[in-house]
Amino acid sequence: MLRFKAIGLAIAVGAMLMACGSEDGGDNGGDVCLTEASGDRSAYPAAPYGTSECSVIDNHSFTTADGNTLSLGDIYADADAKVLLLTTSAGWCPACIEEQPTLEAWHNTYSSQGLRVVGTLFADENDSPVGAEYAANWVNNYSLTFPVVADTEQVLSAYYDSSKAP
């Protein structure tokens with residue numbers, strides 16, 4: 001059950017990248033806010049950014065497993081990207097470990113249709129912040145081909161209750 005909640009959260013957060021922002025910070029009276037992205041995706045959507053449903057997620061940047069930087073703007077600029085599945089994981093989280101093969105399968109099956117999967121890691125087995133080396137080990141341990149990044153500053157914790165499993 002926990003695995004499905006984690007995946008549901010990842011889908012909800014991921015959908016925010018491609019969601020339309022509203023000028024009032026996202027309160028749209030319950031209307032569905034996903035729309036087709038505009039033709040020009042060279043510039044990331046402008047602020048205001050927020051954490052509520054239908055608001056635009058800030059253009060966060062992360063350290064990749066190979067030590068480079070990947071931002072949400074990089075993915076947004078990908079003309080073939082339609083949906084971003086942005087997951088958050090920790091080394092101490094059994095459900096996070098369990099979902100890696102499913103995420104890899106989704107990446108392999110749906111990336112040609114526009115799905116972009118990005119795994120973020122914020123803590124190791126001891127709940128300590130992680131860096132590129134930990135992300136690289138995670139990729140190798142679970143044979144992942146989608147990008148995995150370190151959320152060292154835990155910026156994504158603004159989008160979920162960080163006192164619970166990711």
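1. A search of the whole structure, which is a predicted model, finds one salt bridge. The partners are D78 and R116, whose closest N and O atoms lie 2.8 Å apart. This pair links distant parts of the chain: D78 belongs to the loop between α2 (72-76) and β3 (83-90), R116 belongs to strand β4 (residues 115-123), and 38 residues separate the two.

2. The two partners of the salt bridge fall into separate accessibility classes. D78 has a relative accessibility of 25% and therefore counts as partly exposed. R116 has a relative accessible area of 19%; because buried means under 20%, R116 is classed as buried.

3. The loop that holds D78 also deserves attention for A81, which is found between α2 and β3. With a relative accessible area of 1%, A81 is buried. Its C-alpha atom is 8.1 Å from that of Q113, although A81 and Q113 are 32 residues apart in sequence.

4. The strands make up an open sheet of five, in the order β2-β1-β5-β4-β3, and the pairing is mixed. Strands β2 and β3 are the edges, each pairing on one side only. From one strand to the next the twist averages 40°.

5. One end of the sheet order begins with a hairpin. Strand β1 (residues 61-64) pairs with strand β2 (residues 69-71) in the antiparallel sense, over three bridges, and F62 stands opposite L70 in β2. Four residues lie between the two strands of this hairpin, and in the turn G67 has a positive phi of about 90°.

6. Strand β1 also pairs with β5 (residues 148-150): the two run antiparallel and are joined by two bridges. Here T63 stands opposite A150 in β5. By contrast, β4 and β5 pair in the parallel sense over three bridges, and T120 stands opposite V149 in β5.

7. Two helices pack on this sheet. Helix α3 touches β3 and β4, and its direction makes about 160° with that of β3. Helix α4 (residues 132-141) touches β1, β3, β4 and β5, with a direction at about 155° to that of β5.

8. How far apart are the end C-alpha atoms of helix α3 (residues 94-110)? They are 25 Å apart; this agrees with the expected span of 24 Å, because the helix has 17 residues at 1.5 Å a residue. Within α3 there is nevertheless a kink of about 35° at Q100, shortly before the proline P101.

9. Several residues of α3 are buried: A95, C96, E99, Q100, L103, E104 and H107. Q100 thus appears twice in this account, being buried and also the site of the kink.

10. T63 is a useful residue to follow through the fold. It is placed in strand β1 and, at 32% relative accessibility, counts as partly exposed. Leaving aside neighbours within four places in sequence, T63 is in contact with N68, A132, V149 and A150. A150 is also the residue that stands opposite T63 in β5. T63 and V130 are 67 residues apart in sequence, and their C-alpha atoms are 9.9 Å apart in space.

11. A general remark may help in reading the strands: in a regular strand the side chains alternate between the two faces of the sheet.

Terms used. Residues numbered from 1 in each chain as written. Predicted model: local features only at pLDDT ≥ 70, side-chain atom pairs only at ≥ 80, totals over all residues. Heavy atoms only, no water. Pairing = 2+ DSSP bridges. Expected span 1.5 Å × (residues − 1). Bend = angle between axes of the 7 residues up to and from the residue. Buried < 20%, exposed > 50% of the residue type's maximum accessible area, 1.4 Å probe, protein only. Salt bridge = Lys/Arg side-chain N within 4 Å of Asp/Glu carboxyl O. Axes fitted to C-alpha atoms, helices over the stretch in contact; angles between N-to-C directions. Contact = heavy atoms within 4.5 Å.
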